[in-house]
Amino acid sequence: MSSFDLADWLLDIWILATASLVAASCAMVGVFLILRRQALMGDAISHSVLLGIVLAYLISGSNSLWVMLLGAVTIGLITAWLSESLHKVSRLQSDASIGIVFTLLFSIGVILVSLYTGQIDLDQECVLYGEIAFVPFDTIIWGDMETGTDIGPRAFWLILIVFLIVLISITLGFERLKTVTFHPSLALSLGISIPFWHYFLMTLVSMTTVASFDAVGAILVVALLIIPAASAYLLAKSLKSMLWLAVLYSQLSVWIGYALSYWLNSSIAASIAVSAGLLMIVTLLIMQIRKVQQKRHYLQQLNTEQA
Amino acid sequence: MHKPNQLLKRLSLLLSALYLTLGTSTALAQLKVTATTGMIADLVENIAQDKADVQALMGVGVDPHLYKATQGDIRKLSRADIIFYNGLHLEGKLQPIFDKIARKKTVIAVSESIPENRLIAYDKLHDPHIWFDVSLWQEAAKKVAQSLAQKDSKNAVFYQNNLQAYLQKLTDLNAWVKSEMAKVPEQNRVLITAHDAFGYFGKAYGLEVMGLQGISTAGEFGLQDIKQLKDTIVSRGIQAVFVESSVSPKFIESLVKGVQAEGKKLVVGGELYSDAMGAQGSNAETYLGMVKHNVETIRKGLLGQAHE
C-alpha cells in the first residue's frame with residue numbers, strides 16, 4: 001500500500017514542479033508582451049508552429065522531438081520578426097500585424113501538409129503539444145535502458161533549462177529591457193540597440209512558448225502568457241514589482257488549479273487556466289470595491305467639512 | 001496514569017495491529033487493471049472477474065479520438081499492474097505515452113495478436129474499431145486472458161476457464177448477429193452513420209457501410225460526399241440512417257431532412273453505440289448488450305420498423 005502512496009506523491013511533485021516552471025517562465029516573458037501590446041504573440045506562435053514543424057519534417061525527413069522543437073522555435077522567431085516589420089512598414093496596429101502574419105504562416109503550413117505529408121499525423125496537436133497529466137510518465141533514463149537510473153520527466157528538464165535562461169537573461173538585461181520598453185527614444189540616445197533587444201526578447205518568447213507547448217499543451221501556455229502578467233499590470237507600480245507579481249499570480253494559479261482539478265477530477269491544464277482567470281477577476285473586484293470605498297470616504301470627509 | 005513504557009507498549013500494539021490490517025489487505029489485493037475504453041474494461045472484467053479491480057479511462061459517451069485526460073487518470077495509469085489499450089491508433093496521442101510506460105509496466109494492445117490480413121487498411125493505417133466484428137473481439141479476449149495469466153500465474157487456470165466461457169458467449173453472439181442481418185433483404189443492407197466506425201461490422205456481416213466523416217472523427221467531409229450519399233439512399237430505397245452515441249447527430253439529421261425534402265421516406269433509425277458503450281441501466285453497458293442493441297436497431301431500421 002505505502003509504495004503506491006509514495007508513487008502518487010511523486011507524480012504530484014513532478015506535475016506541480018513542471019507546471020510551476022512553465023508558469024513562471026511564461027509570466028516573466030508575458031510581462032514584456034503585455035507592456036509592448038503583443039499579448040497575443042503566444043497564440044500566434046501556437047498556430048504558426050505548424051509551418052515550422054512541417055518544414056523541419058520536409059527538410060530533415062525526421063519527426064523526432066528535437067527537430068520539431070528547432071523548427072518550432074525558428075518559425076516562432078520569424079512570426080515575431082514579420083509581425084514587427086509589418087507593423088513598422090505598413091503602420092498597421094500591432095495586433096492586426098500579428099493576426100495577418102500568423103494566419104498566413106499557419107495556412108501555408110496547412111497547404112504543405114495536404115501537399116506533401118499526406119496521411120502521416122503531422123500537426124502540432126500530435127507532435128508538439130503535450131499533456132501535463134502525462135508528464136511524469138515520459139521520463140529520461142540515464143544510461144542503459146534496463147539498468148540506468150530514472151532522472152525524472154523529460155519535459156521538466158527541458159522547461160527547467162528554459163526557465164533558467166529566461167531568469168538569467170531578464171536579470172542581466174533588466175535595465176536595458178526596461179529602457180527599451182518604456183523609453184525607446186532615451187534608449188536610442190543612450191546607444192542601446194532597440195532591434196537587438198527586441199529580437200533578444202522575441203527569442204525568449206519563442207523558446208519559452210515552444211518548450212511550454214511541449215510540456216503542457218497550447219491553451220494553458222496562451223493563458224499563462226497573458227493572464228498573470230495582466231493581473232500584475234493592474235497592481236504593479238514598477239517593472240520589477242510587475243515581474244514579481246506576475247510570477248506570484250502564475251504560481252497561485254498553478255496551485256489553486258491543481259487543487260481544483262483534484263477536487264473536480266477534471267483536466268489539469270484547463271483548471272489552471274480557469275484559476276488564473278478567477279484570480280484576475282478577484283483582483284479586479286477588490287480594486288473596484290476599494291475605489292468605491294475611497295470615493296465614499298472622500299465624500300464623507302467633504303460633507304463633514306461643509307457641516 | 002500510565003507509565004511511559006506501558007504507553008509505548010500500547011502504541012506498539014496499535015501499530016502492529018495497523019500493520020497487520022494493511023498487510024492482509026495487500027495479500028488479498030486484486031490485480032489492478034486499467035483499460036482505455038469501456039469495451040476493453042468489460043472484456044477484462046469478464047475474464048478476470050473478482051481477481052482484478054478494473055478501471056476505464058474513457059467513460060460513457062467519450063469519443064476516444066477526442067479524449068482529454070483528467071486528474072484521476074494519472075493515478076489510474078500509475079497504480080495499474082497491467083494497462084490494456086485498443087491500439088491501431090484508436091487512442092491517438094496516448095500511444096507514445098503507453099510506449100514510455102511500457103518500459104516499466106505491462107502495457108498490452110488488445111489488437112496486437114490479430115493477423116494483419118484480417119484488418120481493414122486505410123492508406124498506411126488500419127481501422128481500429130475491431131470490436132464491431134465479434135470474431136475479432138474473440139482474438140482480443142484471448143490476448144487479455146494470456147496477459148492476465150502471465151502477470152498472475154497462480155490464477156492462470158481461472159482465467160483460462162473464464163476465457164473459454166466468454167468465447168462461447170461470443171461465438172453464440174456472432175451467430176445471432178449473422179442470423180439477424182440475414183433477415184434484411186440483400187439490397188437494403190446498407191449502413192449509413194456519422195463516421196466510418198462500422199467497417200468491420202459491414203465486412204463481417206455483409207453490409208455496405210457508408211459514413212459522412214472519415215476514419216477519424218476529427219475530419220470534415222465535403223458537399224460531394226453528401227450528394228453521393230443522398231443519391232445512394234434514393235436509388236436503393238434505404239429506409240433509415242443511424243446516429244452514434246459519441247458523435248454529434250447534427251450531420252445525420254441534416255442528411256435526413258435533405259432526403260425528406262425531396263419527398264422520399266427516410267428516418268433516423270436510432271442511436272448506435274460506436275466508440276463507447278451505454279450508461280448503467282441502458283442495457284448497453286456491457287459489450288454483449290451493446291452489440292445486441294446495435295444489431296436490433298440496425299435490423300429494425302433497415303426493415304422500416306424503426307419506430308414500432
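The questions and answers below go through a predicted model of two chains, A and B.

Q: What makes N265(A) an exposed residue?
A: A residue counts as exposed if 12 or fewer other C-beta atoms lie within 10 Å of its own. N265(A) has 11 such atoms within 10 Å, so N265(A) is exposed.

Q: Where is N265(A), and what is its phi?
A: N265(A) sits in the loop between α11 (239-264) and α12 (268-306) of chain A. Its phi is positive, about 50°, although N265(A) is not a glycine.

Q: Why is H89(B) called partly exposed?
A: The class lies between two limits: a residue is buried with 20 or more other C-beta atoms within 10 Å, and exposed with 12 or fewer. H89(B) has 18 within 10 Å, which falls in between, so H89(B) is partly exposed.

Q: Where is H89(B), and what is its phi?
A: H89(B) belongs to the loop between β3 and α4 (94-101) of chain B. Its phi is near 70°, a positive value in a residue other than glycine.

Q: What share of each chain is buried?
A: In chain A, 42% of the 307 residues are buried. In chain B, buried residues make up 41% of the 308 residues.

Q: What elements does each chain have?
A: Chain A has 12 helices and 2 strands. Along its sequence the pattern is α-α-α-α-α-β-β-α-α-α-α-α-α-α. Chain B has 10 helices and 10 strands.

Q: How do you know that β1 and β3 of chain B pair?
A: Two strands pair if at least two bridges are found between them. Strand β1 (residues 31-35) and strand β3 (residues 82-85) of chain B have 3 bridges, so they count as a pair, in the parallel sense. Within this pair, T34(B) stands opposite I83(B) in β3(B).

Q: Why do β2 and β4 of chain B count as edge strands?
A: The open sheet has 4 strands in the order β2-β1-β3-β4 (chain B), with parallel pairing. β2 (52-56) and β4 (106-109) of chain B each have a single partner strand, so one side of each is left without a neighbour in the sheet. Neighbouring strands of this sheet are turned by 20° against each other on average, direction ignored.

Q: Which helix packs on this sheet, and which strands does it touch?
A: Helix α5 (residues 134-151) of chain B packs on the sheet and touches β1, β3 and β4 of chain B. The direction of this helix makes about 170° with that of β4(B). Angles here run from 0 to 180 degrees between N-to-C directions, so a value of about 170° means that α5(B) and β4(B) run in nearly opposite directions.

Q: Which domains does chain B have, and what separates their centres?
A: The domain assignment gives domain 1 (27-173) and domain 2 (179-302) of chain B. Their centres, taken over C-alpha atoms, are separated by 26 Å.

Q: What makes up the contact between the two domains of chain B?
A: The contact takes 26 residues from domain 1 and 23 residues from domain 2 of chain B. On the domain 1 side, the elements that give two or more residues are α2 (38-48), α5 and α6 (156-182) of chain B. α2(B) gives the most, with 4 residues. The residues of this side divide into 15 nonpolar, 6 polar and 5 charged.

Q: How confident is the predictor in each chain?
A: Chain A averages a pLDDT of 88, and 94% of its residues score at least 70. Among the elements of chain A, α5 (residues 124-127) has the lowest mean pLDDT (67) and α11(A) the highest (96). Chain B has a mean pLDDT of 84, and 85% of its residues reach 70 or more. The model scores ipTM 0.78 and pTM 0.81.

Q: Which stretches have a pLDDT below 50?
A: In chain A, residues 1-5 are one of these stretches, with 4 contacts beyond near neighbours in sequence. In chain B, residues 22-27 are another, with 3 such contacts. For residues 215-219 of chain B, where pLDDT also stays under 50, the model has 12 contacts beyond four places in sequence. Where pLDDT is low, the predicted coordinates should not be read in detail.

Key
Residues numbered from 1 in each chain as written. Chains lettered and ligands numbered in written order. Predicted model: local features only at pLDDT ≥ 70, side-chain atom pairs only at ≥ 80, totals over all residues. Contact = placed C-beta atoms within 7 Å. pLDDT = per-residue confidence, 0-100. Domains from an automatic or database assignment. Nonpolar A, V, L, I, M, F, W, Y, C, P; charged D, E, K, R; others polar.
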